[in-house]
Amino acid sequence: MVDESPSAKRWLPLEANPDVMNQFLWGLGVSPEEAECCDVLGLDEELLEMVPKPVLAVLFLYPITPQTEEEKLKKDSLIKEGAYHIICLQDPSAGVYFMKQTVGNACGTIGLLHAIANITSEINLAEGSYLDKFFKTTANMNPEERAVFLENDREMEVAHSVAANGGDTEARDNVDTHFICFTCVNGQLYELDGRRSGPVSHGSSSSSSLLHDAAKVIRKMMEKNPDSLNFNEMAISKSVRGE
C-alpha cells in the first residue's frame, strides 16, 4: 500500500491468501469454529453462490493506479462537500467501528480489524484474547487515536510480521496494492478504508445480500481500471466448522 506520509512506520504487506489470513485471525482470538476467510473466485452470480454463507464481511485488494488515486480524490472531495454520505464518527449510535491508517502496508491488518470489529455481535471472540482486549481498549477512541494505538502496539506488529512472512510469495515492502473492507452495519453497506476520512455508505444491505451488494461496488471499481488484473476478493464467512 502506498504511504501518504513518507516518514510513517512501515510493515511488510499481507498476502491476499485465505490461509494466511485465517492463521492470523485465529491466532488473535477468532475461533476457527466462528469465522474463516475464503476466496471469492469471481463476481459472476454462479461464482458468488459458491462462497460459504452467511458472509460477514468482504475484503477487496485493488491496485494503486493513477485512476484509483484520481477516484479517491474525487470521492474525498465529494465527502467534504457533503455530496457523499459519510457517517458521523462522533455518533456512537452509528455503530460502525472505523480507524485511520498511519502505518505503511498495514492495510491488510486494518481491513481485518474493520471486519471483525463490526461483526462481534455475530461471532464470539476468545475472552482475554488479543482482539478482545484491542476492541475493548479502543472502543471509545476516535479513528485517529485508534491509528496511533495500533502504530504503537508491539504485539500486533509482531503478529503482523509473522503473518506477512507466512505466505507463498516472498514478502516485500514496495507494493502498489491496497486492502479495504465491506461490511453491513444497521442495514447499511459500508466501505471501510483507512485512507479515507471515515466509513462510506453504499446504501441498504443485509446479512443475506452483503456479498452481492459489495460485488456491485467492486465491479464498478474494477471497470475503472480495465487494464489491471491485480484484484483479489475474499469473504469472511461464518464457519461451517461450528455447525
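**Exercise 1. Determine the strand order of the open sheet and which strands stand at its edges.**

*Solution.* The open sheet has six strands in the order 1-6-2-3-4-5, with antiparallel pairing. Two strands pair if DSSP finds at least two bridges between them. Helices (H or I, at least four residues) and strands (E, at least two) are DSSP runs, numbered from the N terminus. The structure is a predicted model, in which local features need pLDDT of at least 70 and side-chain atom pairs count only at pLDDT 80 or more, while totals for chains, interfaces and linings use all residues. Residues are numbered from 1 along each chain as its sequence is written, and side-chain values use heavy atoms, with hydrogens and water left out.

Next, consider the edges. Strand 1 (35–39) and strand 5 (200–204) each have a single partner strand, so one side of each is left without a neighbour in the sheet. On average, neighbouring strands of this sheet are turned by 25° against each other, direction ignored.

Finally, examine one pairing. Strand 2 (residues 55–63) and strand 3 (residues 177–185) run antiparallel and are joined by seven bridges. Tyr62 stands opposite His178 in strand 3.

**Exercise 2. State which strands helix 1 and helix 4 touch.**

*Solution.* Contact means heavy atoms within 4.5 Å. Axes are lines fitted to C-alpha atoms, for helices over the stretch in contact, and angles run from 0 to 180 degrees between N-to-C directions.

Helix 1 (residues 18–28) packs on the sheet and touches strand 1, strand 3 and strand 6 (232–238). The direction of helix 1 makes about 165° with that of strand 1.

Helix 4 (residues 107–117) also packs on the sheet, touching strand 1, strand 2, strand 3, strand 4 (188–192) and strand 6. The direction of helix 4 makes about 5° with that of strand 3.

**Exercise 3. Classify the aromatic pair of Phe60 and Phe231, then that of Tyr97 and Phe135.**

*Solution.* A pair of aromatic rings is described by the distance of the centres and the angle of the planes. Rings of Phe, Tyr and Trp (its six-membered ring) pair if their centres lie within 6.5 Å; planes under 30 degrees apart count as stacked, over 60 as edge-to-face and the rest as tilted.

The whole structure holds six aromatic pairs. One of them, Phe60 with Phe231, is stacked, at 5.9 Å centre to centre and 0° between the planes. This pair links parts of the chain 171 residues apart: Phe60 lies in strand 2, and Phe231 in the loop between helix 8 (210–223) and strand 6. Both count as buried (buried means under 20% relative accessible area, exposed over 50%, partly exposed in between; 1.4 Å probe, protein chains only): Phe60 has 0% and Phe231 has 16%.

The pair of Tyr97 and Phe135 is edge-to-face, with 5.5 Å centre to centre and 75° between the planes. Tyr97 is in the loop between helix 3 (66–81) and helix 4, whereas Phe135 is in helix 5 (residues 130–138). Tyr97, Tyr130, Phe134, Phe135 and Phe149 form one aromatic cluster.

**Exercise 4. Explain why Cys37 forms no disulfide with Cys38.**

*Solution.* A disulfide is a pair of cysteine sulfur atoms within 2.5 Å. The sulfur of Cys37 lies 7.5 Å from the closest cysteine sulfur, in Cys38, which is too far for a bond. The count by this rule is zero disulfides. Cys37 itself is buried, with a relative accessible area of 4%.
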